[in-house]
Amino acid sequence: MPTTTGPTVIDHPLVQHKLTLLRRKEASTKTFRELLREISALMAYEVLRDIPMQEIDIETPLETTTGRVIDGKKLVFVSILRAGDGILEGMLDVVPGARVGHIGLYRDPATLVAVEYYCKLPGDLDERDVVVVDPMLATGHSAVAAVDRIKESHPRSIRFVCLLTCPEGISALQEAHPDVQLFTAAVDRKLDEHGYIVPGLGDAGDRIFGTK
Ligand code: URA
């Protein structure tokens, strides 16, 4: 099984600028959601840098030529509910033809294990490349459980995209799934005693949906 060398940190100035604005506690729900969508679209450029392409013949107004295209339908974005939907929108802005899956997980309060309550994935995953999206890779429990589930359908490849992570989340995902390429906009200091990433941005779901 191929192993990864560590997360790819997308440190493009535009991503970092927008991330800083989004982290601020004063950012409104509208601002937070808009920035997350913009950052996700920018991150998609790096995440999808090496996806398969095919050559097709086209006619320009002057002559026939060969161009390269991606097959959006071979790409599947899988959102880990509910905060993953905040990244999903930006990814779909740049690949509108992608297929979409959803996985819902909650943390059992007694065992802290991630329990699946919803899963809907496109068919024929063995012919598709999967990009799993969740803004916060914190303990890594949901990420590992989601990737476990997706692997049951044997996709061609799996990438994992988050906005923020921390050393604990990186270790958990890479120990369980060393073949999954991890992309993030930042690696923060640590998890606090409540499982929040610090300095972080708070609860991503609450900030996206205004539920606090
Ligand atoms: N989930 C969040 O929404 N925020 C964190 O800091 C950690 C997990």
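Two strands count as paired if DSSP finds at least two bridges between them. In this predicted model, strand S10 (residues 164–165) meets that condition with S12, to which it is joined by two bridges. One of the bridge partnerships links Thr165 to Val187 in S12.

**The open sheet**

S10 and S12 run parallel. They belong to an open sheet of three strands, in the order S8-S10-S12, with parallel pairing. Strand S8 (136–137) and strand S12 (186–187) are its edge strands, each pairing on one side only. In general, the strands of a sheet pair through backbone hydrogen bonds, either parallel or antiparallel.

**The nonpolar cores**

In soluble globular proteins, nonpolar side chains tend to be buried together. Here the largest nonpolar core holds 37 residues, and Leu22 and Leu163 touch the most other members. At least two residues of this core come from each of helix H1 (13–23), H2, S4, H3, S7 and H6. H2 supplies the largest share, with seven residues.

Beyond its neighbours within four places in sequence, Leu22 is in contact with Ala27, Phe32, Leu35, Leu36, Ile39, Leu163, Leu201 and Arg207. Leu163 is thus named twice: as a contact of Leu22, and beside Leu22 as a residue that touches the most other core members.

A second core of 21 residues is separate from this one; among its members are Leu105, Leu125, Val147 and Phe160.

**Helix H3 and its cover**

Helix H3 spans residues 84–94, and its buried residues are Gly84, Gly86, Ile87, Leu88, Gly90 and Met91. The elements that cover these buried residues include two helices, H2 (29–47) and H6 (204–209). Strands also take part in the cover, including S4 (75–81), S5 (99–107), S7 (129–133) and S9 (157–161).

**Cysteines**

How many disulfides does a search of the whole structure find? The search finds zero. Cys162 is in no disulfide, and the nearest cysteine sulfur to its own is that of Cys166. A disulfide requires two cysteine sulfur atoms within 2.5 Å. The sulfur of Cys166 is 9.0 Å from the closest cysteine sulfur, in Cys162, and is therefore too far away for a bond.

| Residue | Relative accessibility | Class |
|---|---|---|
| Cys162 | 0% | buried |
| Cys166 | 0% | buried |

Cys162 counts as buried because its relative accessibility is 0%, and Cys166 counts as buried because its relative accessibility is 0%.

Methods:
Residues are numbered from 1 along each chain as its sequence is written. This is a predicted model: local features need pLDDT of at least 70, side-chain atom pairs count only at pLDDT 80 or more; totals for chains, interfaces and linings use all residues. Side-chain values use heavy atoms; hydrogens and water are left out. Buried means under 20% relative accessible area, exposed over 50%, partly exposed in between (1.4 Å probe, protein chains only). Helices (H or I, at least four residues) and strands (E, at least two) are DSSP runs, numbered from the N terminus. Contact means heavy atoms within 4.5 Å. A nonpolar core is a set of buried Ala, Val, Leu, Ile, Met, Phe, Trp, Tyr and Cys residues joined through side-chain atoms within 4.5 Å.
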